[in-house]
Amino acid sequence: MPTVSVGRDRLFKAIGRTYTQDEFEELCFEFGIELDDVTTEKAIIRKEKHLEEDEDSTEDEEVIYKIEVPANRYDLLCLEGLVQALRIFIGLDEIPTYKFSKINGESVLRMNVKPETSLIRPFVVCAVLRGITFDEARYNSLIDLQDRLHQNICRRRTLVAIGTHDLDTIRGPFTYEALPPQEINFAPLKQMKSFRADELMEFYKSDLKLKKFLHIIENSPVFPVIYDRNRTVLSLPPIINGAHSAITLKTKNVFIECTATDLTKANIVLNTMVTAFSVYAERQFEVEPVQVIYPDGKSFVYPDLSEYSIEVSLSYISNYIGVTLEVSNLLTKMQLRVKKAISEDKKQCHFIVSVPPTRSDILHACDVVEDVAIAYGYNKIPKRRPASLRALPLNQLTDLIRTEIAMNGFTEVLTWILCSYKENFSMLNRKDDKLTAVIVGNPRSSDFEMVRTSLMPGMLKTVGHNKDHPKPIKIFEVGDIAVLDETKDVGAANRRQLAALYCGANSGFELIHCLVDRIMEVTGNPFVPVGDNTGYYIKRSDEPEFLQGRQASIIYKGKQIGTFGIVHPEVLNNFDIPDPCSFLELNIETFL
């Protein structure tokens, strides 16, 4: 979860109360966040540079609180949002009402969107904050909030990119265009000379911060760009803003624009920015709207500060939490306005919960229940034993089989459910039919590119990393694999598999065959002649991961449920295993 670093003294001053460290930790726990670390700014720098700590250096240093917040609470990613939420929680402030500035239609700033933007980043949303008073701390907080949003909901600027500008240095109406990079020329932030956009791509390849965003647009034939009325470049999203409209400590009026490929997330980001910093506006919590006009003539006014309602019954809340509570007061502490309603038959009590623009995490009635529980206090909820609690039949069968195989001298292992594409296919001599494997989009590591379709790769990797272990190595695993399944609402299905492996100099077909017979015996399935569907039998198979002529399929009630045999030498070599191995894998869900 994201961590927000704030100065302790500034935090307490903004809250209006002073706490000991233990008291503040308790407040954080009650609110559903966590005081993760207490440090100083110089200590953070020393840690980053691997310098030794000076024993006398901490006396006059500002104490920094690192506070861990929920990943979906974007309103808590800065000091301003955190302070406002805590002050409302402890009853010092009322829930603010965000509203538009009163301006006539002709004075509304406009952003005209050109049709070419649909080729790269089709959406833009904007707003204006007027009469802002900046000091160094507020300025840094604004920049930090942008960075945290970029790393979080904006997915490193791929979905949304934020630009903030000094409105007094530019003139509307504005245009959002997409042009060939050779036609865009401006001086970027912190630079004195002008660059063409294609030259900027080369210039920033050596920049440690910006080079990781270049891939988003560098291969596109057109780059997004925002101009004002005088053709002054405001920004080249999602890379860099122009130097001309840069915000300073003297800035009074701030123009905020968010370009995006995801309009919903762009609205959340814009709302987060304006609601957090409208507290510093001349007219507190007041935001000036901007009209965005698209090529098809449709126009929209942003930001969307409207509240939406969720209806939740008292019985729904009480059943989930286990306690009947005074819901209205508790939800008010969590920044949610509530109206109570009684059904016509006077038997049901309902609450109409108004969700403000700061709480984009409230999507369902269960989110309201969670806020009620947080405001009441999880530690205050009495413990109770569920009326009935039974294990699922599949889990009961799994435990019985695990116990039986362990009694046969095998050691249980637990391997990753994600694996590399290569391990699941080419290293097992298998080919991908494109109809079975669940592939992970944009994997963070080549080790976790897909969901395993077999327990075999993990078992062989385990042996490969423990090949110096005394022989024989006898291991097993009971776990899930995943396969594509169009009949499921998520497009894939889990299957519970059993796998066992025997590795040693005398490993043979008969050693794993006897384990197959024992498993079928304890599950009450008799061995029957070929073609008899009342029990199980084996027949010759031709799987590429096993040695030809030393493998068999397990047929249970006319259906193949597994395979066993001697692992092919090429497969063993792929996993760096010097000794022969016998392997078994079967689906245990068929026994239910």
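Does Ala341 count as buried, partly exposed or exposed, and at what relative accessibility? Ala341 counts as partly exposed, because its relative accessibility is 29% (buried means under 20% relative accessible area, exposed over 50%, and partly exposed in between, with a 1.4 Å probe and protein chains only). The residue lies in strand β18 (residues 337-342); helices (H or I, at least four residues) and strands (E, at least two) are DSSP runs, numbered from the N terminus. Ala341 touches Gln348, Cys349 and His350, not counting residues up to four places away in sequence, where contact means heavy atoms within 4.5 Å. The C-alpha atoms of Ala341 and Asn573 are separated by 70 Å, the two residues being 232 apart along the chain.

The model is predicted, with pLDDT of at least 70 required for local features and 80 or more for side-chain atom pairs, whereas totals for chains, interfaces and linings use all residues. Residues are numbered from 1 along each chain as its sequence is written, and side-chain values use heavy atoms, with hydrogens and water left out.

In the N-terminal part of the numbering, 3 strands form an open sheet in the order β1-β3-β2, with antiparallel pairing; two strands pair if DSSP finds at least two bridges between them. The edge strands, each pairing on one side only, are β1 (3-7) and β2 (34-40). From one strand to the next, the twist averages 25°. Strand β3 (residues 63-68) is joined to β1 by 5 bridges in the antiparallel sense, and Val4 stands opposite Ile67 of β3. Helix α1 lies across β1 and β3 and runs at about 85° to β1; axes are lines fitted to C-alpha atoms, for helices over the stretch in contact, and angles run from 0 to 180 degrees between N-to-C directions. Helix α2 (residues 21-31) also packs on the sheet, where it touches β2 and β3, and its direction makes about 145° with that of β2.

Helix α1 (residues 8-15) also approaches helix α4 (residues 79-89): their axes come within 9 Å and cross at roughly 45°. That angle makes α1 oblique to α4 (under 35 degrees counts as roughly parallel, over 145 as roughly antiparallel, 65 to 115 as roughly perpendicular and the rest as oblique). The crossing is right-handed; a crossing is right-handed if the near helix is turned clockwise from the far one by less than a right angle, and left-handed if anticlockwise. Arg10, Leu11, Ala14 and Ile15 of α1 make the contact with Leu79, Glu80, Val83, Leu86 and Arg87 of α4. These residues divide into 6 nonpolar, no polar and 3 charged, where Ala, Val, Leu, Ile, Met, Phe, Trp, Tyr, Cys and Pro count as nonpolar, Asp, Glu, Lys and Arg as charged, and the others, Gly among them, as polar.

A second helix pair is formed by α8 (residues 314-321) and α10 (residues 365-376), whose axes come within 10 Å and cross at roughly 60°. Helix α8 is therefore oblique to α10, and the crossing of α8 and α10 is right-handed. In α8, Tyr316, Ile317, Tyr320 and Ile321 meet Ala365, Cys366, Val369, Val372 and Ala373 of α10. This contact comprises 9 nonpolar residues, with no polar and no charged ones.

Two further elements are described by their burial. Strand β7 (residues 160-166) is largely enclosed by the rest of the structure, because 7 of its 7 residues are buried. Both faces of β7 are covered, with Val160, Ile162, Thr164 and Asp166 buried on one side and Ala161, Gly163 and His165 on the other. Strand β14 (residues 254-260) pairs with β7 in the antiparallel sense over 7 bridges, and Ile256 of β14 is the bridge partner of Thr164. Helix α13 (residues 456-465) is likewise largely enclosed by the rest of the structure, because 7 of its 10 residues are buried. The buried residues of α13 are Met456, Pro457, Gly458, Met459, Leu460, Val463 and Gly464.

A mixed open sheet of 7 strands follows the order β20-β24-β25-β29-β28-β27-β26. Its edge strands are β20 (411-412) and β26 (536-540), each of which pairs on one side only. Strands β25 (residues 492-503) and β29 (residues 581-587) pair in the antiparallel sense over 7 bridges, and Leu498 stands opposite Leu586 of β29. Helix α14 (residues 509-522) lies across β25, β26, β27 (546-556), β28 (559-567) and β29, and runs at about 150° to β28.
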